[in-house]
Amino acid sequence: MQETRTGCIVCTGGKGYAIRKQKTKRIPKGTMIDIKTYGLIRRMALDGKTIRSIARELDIARSTVAKYYDGSCIPTAEHRKERTRKRQVVTEDVDSFILECLEEDEREGERKQRHTAHRIFKRLRDEKGFQGAESTIRARCRKLKDARRIPKADIPLLYDPGEAVQVDFGQAKAYVNGEKIKIHYFCARLCYSCAIYVYCGLSENTETFLEGLRNSFEFFHGVPRRVIFDNGGVAVSEGSGKKAVATEKYEAMSAHYGFETVFCNRAAGNEKGLV
């Protein structure tokens, strides 16, 4: 390291940095440095220079050099831009306006014309002079909607012995005479004991369904009071759930064996969770 006549300090070891000493102003203690000065400190530190020597050559306080010496502190992380817009707190009037929009949607019942969060934000801005961010209104709408939702309740399904059986169809692959084929299996399970019966066939039709149901009664040595099934076409001619209409063959079998038919609601797997 040597000083030239022009007042420049030049590294003679080929490290490639230079500082004009005559133009350097001492950085007061506690002042943030820029990224270029930080780079000089780090390169000189990696060259083995001490904190004292770096502070003297750069005319920087030793405490400042020590702060950035090992790279654990980066000045860019401390120079974050301050918010140019103050965050507006959501007031009770804003909440009331959002709730009025949601209640209006419920009264009108027009699904395609409901208030989206974006539409509510625009109305707040135009009608109420709201100056906050759209993201704030989106978050508030989501929170208020969640608070208005009625949580779903789970009802324990308890059964007496012989009270009910749940039935359903499924599919599987099986080897028959060395050939891999698709089979359809009828499954019945008692709701109290969880005893299970499975009947396999080559198709899923009304005949297979009724035969599997009859065989399950023989296997269980009795007929449950209720048979719980979904809305499959093998038993239902139209509708679903409480509005389901049973096929003539299934209705005739129900009347003959004296069991009650219970069809599940759509998308309600909890009503038939054993099969």
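**Exercise 1. Find how much surface the protein exposes, and what share carbon and sulfur supply.**

Solution. The protein exposes about 19000 Å², and carbon and sulfur atoms supply 48% of that area. Accessible areas here follow the Shrake-Rupley method with a 1.4 Å probe, and for residues only the protein chains shown count as cover. Keep in mind that this is a predicted model, where local features need pLDDT of at least 70, side-chain atom pairs count only at pLDDT 80 or more, and totals for chains, interfaces and linings use all residues. Residues are numbered from 1 along each chain as its sequence is written, and side-chain values use heavy atoms, leaving out hydrogens and water.

**Exercise 2. Decide whether D95 is buried or exposed, and list what D95 touches.**

Solution. Start with the cut-offs: buried is under 20% relative accessible area, exposed is over 50%, and partly exposed is in between (1.4 Å probe, protein chains only). D95 has a relative accessible area of 14%, so D95 is buried. Next, look for contacts, meaning heavy atoms within 4.5 Å. Leaving aside residues up to four places away in sequence, D95 touches V90, R140 and L144.

**Exercise 3. Work out why C264 has no disulfide with C191.**

Solution. First, recall that a disulfide is a covalent bond between the sulfur atoms of two cysteines. The rule used here asks for a pair of cysteine sulfur atoms within 2.5 Å. The closest cysteine sulfur to that of C264 is in C191, at 9.7 Å, so the two are too far for a bond. By this rule, the count of disulfides is zero. Finally, check the burial of C264: its relative accessible area is 3%, so C264 is buried.
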